[in-house]
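Trainee: I am new to this structure and would like a close look at a single part of it. Could you walk me through the aromatic rings and what sits around them, and then add whatever helps me find my way?

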Amino acid sequence: MPGLVSCLGDLIVTGIIILFSDHVQSEIWTNEDLPHFVRVSCRVPNHMKIYYSWVQTKTTHLPTLYRTSYSVKGRDVEPCEQEHIGVNECTITNPPFWTSKILVNITEINPLGSNSTILQIDPHELLKPDPPEDVRVLQVEGQPTQLLVQWSWPSSWSVEIMAAFPLTFLLRYRPIGSNYWSMLETEENTSLKIMDALVGRLHQIQIRAQDALINHSQWSEWSHVVEAQPWIEPWKEPTEEPVDFSFPFFNSFPVRTTDKSPDSSLHQTGSLGLLILLGLFAAVMVAALLTIITLLWVRQRKQDNVKKQELASMVKMKSIPI
């Protein structure tokens, strides 16, 4: 009987379901209590392990056991190990990974008979590493547009696997508030430097992994989001440099100082020089203002005298008989 078997990662694998039952004549049990096929999920986080789990499609009211095994073409049937009785899980250790297909048999058994679910999987297509771990983002001092991202390989991808099967890593990042991700990719390295981060903006960073040798394998889930901001130049409080108001003219006069307060004497000398300079400047301005006022007054007087003379001449000319 054909059926659909669901595996982790939203991957649907077409399998073969074989049903057979040893019917037991009973007045108590019904066909609803017969074993049924199971819905299987599978997970392949590396080349060394394949994990299977399953759930009943129909719940029976009888004690139920499961017999699990697998086989590949040209080899004997081997058990899919169940570590804990009563937990619907089994594991294939060191599977024949480079074979094209693996047949898995999960048989449900109860007092009324047995029912086998047989599925065929391609381990290459189901290979999906766990996400990278320990993601860290560091500022690059003196570089306001750079971020250094570091991470670790998935713990399930052991050192033995790393040597033979490298991983490709894909990094994505964006400033908070943006809907668009930028991408960077690297093989085997566990660090990347972002060169075009926005100055002063908080960014979100995530990483995922894929087997570098099997291109049709699956990408891992994205790692948890890490937020970081590029380096910002520290704010420095402005400092005022002291202005030297002393001039050679004022410094030519002897100034008495004491050993106890030399700085005070210099301060007083500078203050006195400043006062004298301001006084001289005020005097010059007053003198200039008075000079301008005087010149304007003299000019006005001359103009008035000229007008008076012109009027007098006009009066005399009118008085002369023609």
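Mentor: Happy to help; what follows starts with the aromatic rings and then moves on to a few other contacts. Please keep in mind that this is a predicted model.

Let us begin with the rings. Searching the whole structure turns up three aromatic pairs. One of them joins W153 and F169, whose ring centres are 5.5 Å apart. The planes of W153 and F169 meet at 85 degrees, which makes the pair edge-to-face, since anything over 60 degrees is given that name. Where do W153 and F169 lie? W153 is in the loop between β11 (147-152) and α2 (159-164), while F169 belongs to strand β12 (residues 167-175), so their contact ties together parts that are 16 residues apart in sequence.

Are these two rings buried or exposed? W153 has a relative accessibility of 14%, so it counts as buried. F169 is buried as well, with a relative accessible area of 1%. The two also have company: together with W151 they form one aromatic cluster.

Now look at R172, where a charge meets aromatic rings. The charged end of R172 sits over the ring of W181, at 4.1 Å from the centre of that ring. R172 also lies over the face of W222, and here the distance to the ring centre is 4.1 Å.

From rings we can turn to a covalent link. A disulfide is a covalent bond between the sulfur atoms of two cysteines. The count for this model comes to one disulfide. Its partners are C80 and C90, with their sulfur atoms 2.1 Å apart. The link of C80 and C90 is right-handed, with 85 degrees about the S-S bond. C80 is found in the loop between β6 (78-79) and β7 (89-93), and C90 is in strand β7 itself, so the bond ties together parts that are 10 residues apart in sequence. Both ends are buried: C80 has a relative accessibility of 3%, and C90 has a relative accessible area of 1%.

One last stop is E125, which you will find in helix α1 (residues 123-126). With a relative accessible area of 38%, E125 is partly exposed. Try locating H216 from there: E125 and H216 are 91 residues apart in sequence, yet their C-alpha atoms are 6.1 Å apart in space.

Note on methods. Residues are numbered from 1 along each chain as its sequence is written. This is a predicted model: local features need pLDDT of at least 70, side-chain atom pairs count only at pLDDT 80 or more; totals for chains, interfaces and linings use all residues. Side-chain values use heavy atoms; hydrogens and water are left out. Rings of Phe, Tyr and Trp (its six-membered ring) pair if their centres lie within 6.5 Å; planes under 30 degrees apart count as stacked, over 60 as edge-to-face and the rest as tilted. Helices (H or I, at least four residues) and strands (E, at least two) are DSSP runs, numbered from the N terminus. Buried means under 20% relative accessible area, exposed over 50%, partly exposed in between (1.4 Å probe, protein chains only). A charge sits over a ring if NZ of Lys or CZ of Arg is within 6 Å of the ring centre and within 35 degrees of the ring normal. A disulfide is a pair of cysteine sulfur atoms within 2.5 Å.
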